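Hi,

Here is the structure I said I would pass on. Have a look at it, and my notes follow underneath.

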Amino acid sequence: MANSYRGGGSYGATGPLRSREGISSRPAAASDEIQLRIDPIHSDLDEEITGLHKKIRQLKGVAQEIEGEAKFQNDFLNQLQMTLTKAQSGVKNNMRRLNKTIIQQGSNHVLHVILFALLCFFVVYFWSKLSRR
């Protein structure tokens, strides 16, 4: 790997300007940045850098697709939640009105429904008995 140096000052004998890989680092003027110089002898590094740039662009595209899908699903869930809230309030209001109607009409209404259901059952029962003969 390449030797690197952070900070300003002179290298002296502790920090060579060149390493075996052909990379040299120079301190920026009074800053904490590193400047690298790559020798043309090692051009395979340029190809690797280009390959890394392509992969980064691909990852950026994938990340943007994921972000778009997440936003779409978030919007869909918000709409679904609003729809369910409206449906829940509608059912609650209908139950309230039904209870109010039952209380106003008394229990005779429920009795009439039960008697009508029994009458329908007996009519179907006798009709089936008569149709077998």
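What caught my eye was a cluster: ring pairs link F121, F122, Y125 and F126. Bear in mind that this is a predicted model. Searching the whole structure turns up four aromatic pairs. One of them is F121 with F122, an edge-to-face pair with 5.6 Å centre to centre and 65° between the planes. F121 also pairs with Y125, and this time the pair is stacked, because the ring centres are 6.4 Å apart and the planes sit at 15°. Why can those two meet along the chain? F121 and Y125 are four residues apart in helix α2 (residues 108–131), so about one helical turn separates them.

Are these rings buried or exposed? F121 counts as exposed, because its relative accessibility is 51% and the cut-off for exposed is over 50%. F122 comes out at 42%, so it counts as partly exposed. Y125, at 38% relative accessibility, is partly exposed too.

Now the charged side chains. The count comes to one salt bridge, and it is between E67 and K71, whose side chains meet at 3.5 Å, N to O. Both residues lie in helix α1, four residues apart, which is about one turn of the helix. E67 has 42% relative accessibility and so counts as partly exposed.

Stepping back to the overall layout, the protein chain has two helices and two strands. Read from the N terminus, the order of the elements is β-β-α-α. How much of the chain is buried? Of its 133 residues, 8% count as buried. The accessible surface comes to about 12100 Å², and carbon and sulfur atoms account for 62% of that. As for contacts, take those between residues at least 6 apart in sequence: 11% of them join residues at least 24 apart.

A word on confidence before you build anything on this. The mean pLDDT of the protein chain is 78, with 65% of its residues reaching 70 or more. Which elements sit at the two ends of the scale? Helix α1 (residues 44–105) has the highest mean pLDDT of the elements, 92, while strand β1 (residues 23–27) has the lowest, 54. The salt bridge between E67 and K71 lies within helix α1. Then there is the start of the chain: over residues 1–18 pLDDT stays under 50, and for that stretch the model has 33 contacts beyond four places in sequence.

To recap the side-chain findings: a cluster of F121, F122, Y125 and F126, and one salt bridge.

Cheers

Note on methods: Residues numbered from 1 in each chain as written. Predicted model: local features only at pLDDT ≥ 70, side-chain atom pairs only at ≥ 80, totals over all residues. Heavy atoms only, no water. Phe/Tyr/Trp six-rings, centres within 6.5 Å; stacked < 30°, edge-to-face > 60°. Buried < 20%, exposed > 50% of the residue type's maximum accessible area, 1.4 Å probe, protein only. Contact = heavy atoms within 4.5 Å. Areas by Shrake-Rupley, 256 points an atom, 1.4 Å probe, with all protein chains shown as cover. pLDDT = per-residue confidence, 0-100. Salt bridge = Lys/Arg side-chain N within 4 Å of Asp/Glu carboxyl O.
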